[in-house]
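Colleague: I would like a close look at one part of this model. Please keep to what the coordinates give.

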Amino acid sequence: MRRDGAANRESVLLAAEQVFGEKGAAASTEEIARRAQVSIATVFRNFPTKQDLIEATAARYLDGLTGQARHLADSISDPAEAFTTLLRTLVSVGAAKMALMDLLPPHGDDGQGLSPQVISAADTFLGTVGLALERAQTAGAARADVTVEDVSLLLRALAHVTTPGGDEAVERALRIVLDGLGVPNQLIRRAT
């Protein structure tokens with residue numbers, strides 16, 4: 001792919017992430033093209049169907065979250081603090097993530113219905129979260145019986161929360177989740 005073609009593709013994916021995150025299923029490819037400052041033909045040249053665009057955007061988004069998780073693990077030496085910071089980061093981007101993930105086709109536990117690209121990105125992301133959890137467990141900063149699936153379920157639930165209390169209600173719920181996961185109290189309080 002030529003350099004300008006790769007730049008256009010990246011612009012489309014970035015715009016798609018924003019538009020899908022804001023508008024969900026109501027997002028239009030025309031709006032994505034407008035924000036990416038490319039023609040609609042450029043969008044469809046790179047992504048023949050809207051579903052192709054959704055899946056490529058989801059995979060790119062998950063890859064970005066994986067990169068953030070790895071950066072936190074590398075830059076924060078304390079495994080408990082790294083795990084807590086990771087969970088806070090994931091909750092803070094949760095609403096946009098869930099809006100995008102909700103656009104993916106229904107699938108079973110075997111991933112049927114999803115493209116291999118999305119399955120690979122999701123598996124890598126979950127593996128990275130699992131590694132952060134394992135490090136925290138080894139350091140005694142998370143309950144030994146917690147699984148990465150438990151953490152994923154809790155994060156998805158928090159990502160869907162929209163309450164009259166707004167951010168304060170989500171923060172309170174996150175502190176309760178962190179406490180339930182066995183994160184030391186000083187980290188729960190310090191991170192607020």
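Which helix supplies the largest share of the lining of the second largest cavity, and how many residues is that?

Modeller: The model is predicted. The largest share of that lining comes from H8, with 4 residues. Some context on the cavity itself: searching the whole structure for cavities of 30 Å³ or more gives 2, and the second largest has a volume of about 30 Å³. Its lining consists of Leu87, Val151, Leu154, Leu155, Leu158, Leu174, Val177 and Leu181. By class these are 8 nonpolar residues, with no polar and no charged ones. Two helices, H8 (148-159) and H9 (166-181), each contribute at least two residues to the lining.

One of the lining residues, Val151, also appears in the largest nonpolar core, where Val151 is listed among the residues with the most contacts inside that core, together with Val12, Phe20, Ile32, Leu53 and Phe83. That core has 58 residues, and helix H4 (residues 50-75) gives the most to it, 10 residues. For Phe20, leaving aside residues up to four places away in sequence, the contacts are Ala27, Ile32, Lys50, Leu53, Ile54, Thr57, Ala99, Leu100 and Leu103. Ile32 and Leu53 are thus named both as contacts of Phe20 and among the core residues with the most contacts.

A polar residue can be added to the picture. Thr84 lies in helix H5 (residues 79-92) and is buried, at a relative accessible area of 2%. A polar atom of the Thr84 side chain lies 2.9 Å from the backbone oxygen of Ala80.

Conventions: Residues are numbered from 1 along each chain as its sequence is written. This is a predicted model: local features need pLDDT of at least 70, side-chain atom pairs count only at pLDDT 80 or more; totals for chains, interfaces and linings use all residues. Side-chain values use heavy atoms; hydrogens and water are left out. On a 1 Å grid over the protein atoms alone, a cavity is a set of points where a 1.4 Å probe fits but cannot get out, and a pocket is an open set with protein on both sides within 12 Å along at least five of seven lines; lining residues have an atom within 4 Å of a point. Grid points are joined across faces, edges and corners, and a volume is the space filled by probe spheres set on the points. Ala, Val, Leu, Ile, Met, Phe, Trp, Tyr, Cys and Pro count as nonpolar, Asp, Glu, Lys and Arg as charged, and the others, Gly among them, as polar. Buried means under 20% relative accessible area, exposed over 50%, partly exposed in between (1.4 Å probe, protein chains only). A polar contact is a pair of N or O atoms within 3.5 Å; within protein, one must be able to donate a hydrogen and the other to accept it, and residues adjacent in sequence count only if both atoms are side-chain atoms. A nonpolar core is a set of buried Ala, Val, Leu, Ile, Met, Phe, Trp, Tyr and Cys residues joined through side-chain atoms within 4.5 Å. Contact means heavy atoms within 4.5 Å.
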